[in-house]
There are 2 protein chains.
Amino acid sequence: MDTELILKNVSRFITLTDEERDYFVSIMRPRTYRKRQYVVQAGDVCKYENFVTKGCLRSYFVDDNGFEHILQFAIEDWWIGDMASFITQTPAMLNVEAVEDTELIQILKADLDALFDKYPKFDRFYRELIQKSMVTQQRRILSNISLTAEQRYLAFRNQYAFLEQRLPQNYIASYLGITPEFLSKIRKKIATNS
Amino acid sequence: MDTELILKNVSRFITLTDEERDYFVSIMRPRTYRKRQYVVQAGDVCKYENFVTKGCLRSYFVDDNGFEHILQFAIEDWWIGDMASFITQTPAMLNVEAVEDTELIQILKADLDALFDKYPKFDRFYRELIQKSMVTQQRRILSNISLTAEQRYLAFRNQYAFLEQRLPQNYIASYLGITPEFLSKIRKKIATNS
DNA sequence: CGTCTATTTGAATGTACTCAAAAGCGGTGG
DNA sequence: CCACCGCTTTTGAGTACATTCAAATAGACG
């Protein structure tokens with residue numbers, strides 16, 4: 001198991017002693033998923049916090065009409081899951097699925113809780129991690145309530161150019177909250193106007 | 001200063017010793033704001049984490065055309081601020097403003113950081129607090145990208161009936177990401193259909 | 001009471017969706 | 001290696017959702 005990336009991820013916020021690092025490593029569970037395979041399926045309980053070491057995933061909600069709405073993408077060095085399900089250990093509303101063949105490091109809820117109790121430093125890490133992603137989510141909400149679809153797409157493309165290349169367009173449309181047909185028209189319009 | 005509410009808020013997640021409680025109380029700064037007064041003004045640095053003991057506030061973004069877009073409301077027992085500005089201590093993009101005459105307990109960034117260092121338990125508290133609000137935000141994002149304005153309004157009204165009564169309609173429209181005129185038409189339509 | 005802001009109403013416009021069909025593209029098996 | 005199948009993307013016409021602008025009405029506050 002390659003722990004370098006995840007340890008670097010953690011050490012952006014906290015500095016670990018050898019003991020803390022060893023304990024942390026001991027609760028890591030590497031796992032691989034094939035493209036289109038579920039990491040979490042709606043209805044199941046999300047048992048793990050998932051750190052991506054390789055590949056790409058998405059979390060999404062399927063509405064009553066069967067339409068998918070993507071909440072999040074994750075690539076290398078990102079965390080993903082269904083937080084609501086994970087913290088309450090109740091059935092997930094979201095699916096988490098591999099967009100490419102993917103390698104994860106998983107941490108079981110009980111192991112993470114024990115880690116927090118044993119080394120409160122990890123509470124700090126996790127707090128700062130979530131704080132950052134709160135800020136990202138807030139920007140997304142503001143984008144959703146204040147911009148047109150075209151503006152949202154341009155903003156997305158600006159911020160996540162590296163992601164756009166790895167994703168089918170209909171996923172991006174779903175993330176932006178528009179239909180794939182309309183995104184196609186937006187792209188055509190942008191292409192001709194420049 | 002009435003510290004009962006905030007101590008109860010904290011003790012939903014952690015249990016405090018007398019020492020911890022006293023220290024925590026010692027860094028609290030009560031402050032009152034009049035209706036329409038800014039707690040944070042865009043461009044300023046958000047210096048405090050704000051806990052509401054009485055009243056109602058909103059945080060919002062003003063776009064290039066001068067339109068306001070409301071990110072969050074907060075009433076008694078809620079926390080509010082500009083998290084991006086607070087954690088990085090850089091100028092705020094958001095305004096935080098009293099919707100009613102309001103009483104807050106404020107905690108200075110430096111004091112909060114010291115609290116986290118001295119009593120890591122508060123890292124835990126803050127982590128769990130933010131985790132909960134992440135889940136709320138995720139639901140909001142899904143609502144924004146998957147529902148029509150009417151459905152979003154009904155969902156809002158369902159979940160925040162107590163809030164709706166204290167807020168002008170144009171604030172709710174702004175929160176939902178629609179124009180006040182359109183919200184008025186939605187309400188009319190709902191009223192006739194039932 | 002008067003002023004200012006919030007809400008309602010309506011007509012015209014623009015934004016985004018639906019449905020259907022065609023074209024493009026990638027993966028898989030023969 | 002090519003042909004085929006399924007899925008994604010494009011395109012267009014028609015429709016529904018939501019905004020803009022303007023004016024009238026209603027409410028709140030000093």
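## The surface near DNA strand D

H9(A) gives the most to the surface near DNA strand D, supplying 6 residues. (Helices here are DSSP runs of H or I with at least four residues, numbered from the N terminus.) In all, 16 residues surround this strand, and the closest are Pro168(A), Gln169(A), Asn170(A), Ser184(A) and Phe182(B). Both chains pitch in: helix H8 (169–176) and H9 of chain A, plus helix H6 (149–159) and H9 of chain B, each give two or more residues. "Near" is a matter of the C-beta atom, placed from the backbone, lying within 6 Å of the strand.

By class, that surface splits into 5 nonpolar, 5 polar and 6 charged residues. For the bookkeeping, Ala, Val, Leu, Ile, Met, Phe, Trp, Tyr, Cys and Pro count as nonpolar, Asp, Glu, Lys and Arg as charged, and the others, Gly among them, as polar.

## A note on the model

This is a predicted model, in which local features need pLDDT of at least 70 and side-chain atom pairs count only at pLDDT 80 or more, while totals for chains, interfaces and linings use all residues. Residues are numbered from 1 along each chain as its sequence is written, with chains lettered from A and ligands numbered from 1 in the order in which they are written.

## The surface near DNA strand C

Over at DNA strand C, there are 16 residues around the strand, and Thr148(A), Phe182(A), Gln169(B), Asn170(B) and Ser184(B) come nearest. Here H9(B) gives the most, with 6 residues. At least two residues each come from helix H6 (149–159) and helix H9 (180–192) of chain A, and from helix H8 (169–176) and helix H9 (180–192) of chain B. The class tally reads 5 nonpolar, 5 polar and 6 charged.

## How the two copies relate

Chain B can be laid on chain A by a turn of 180° and a shift of 0.0 Å along the axis, with an RMSD of 0.0 Å. The two copies are thus related as by a two-fold rotation axis. In chain B, the C-alpha of Arg127(B) is nearest the axis, 2.2 Å from it. The fit is by least squares on C-alpha atoms of residues with pLDDT of at least 70 in both copies.

## The largest nonpolar core

Among the 87 residues of the largest nonpolar core, Leu57(A), Leu94(A), Leu57(B) and Leu94(B) touch the most other members. Helix H5 (residues 121–146) of chain B gives the largest share, 6 residues. Such a core joins buried Ala, Val, Leu, Ile, Met, Phe, Trp, Tyr and Cys residues through C-beta atoms within 7 Å, buried being 20 or more other C-beta atoms within 10 Å of a residue's own.

Definitions and conventions
Buried ≥ 20, exposed ≤ 12 C-beta atoms within 10 Å, placed from the backbone.
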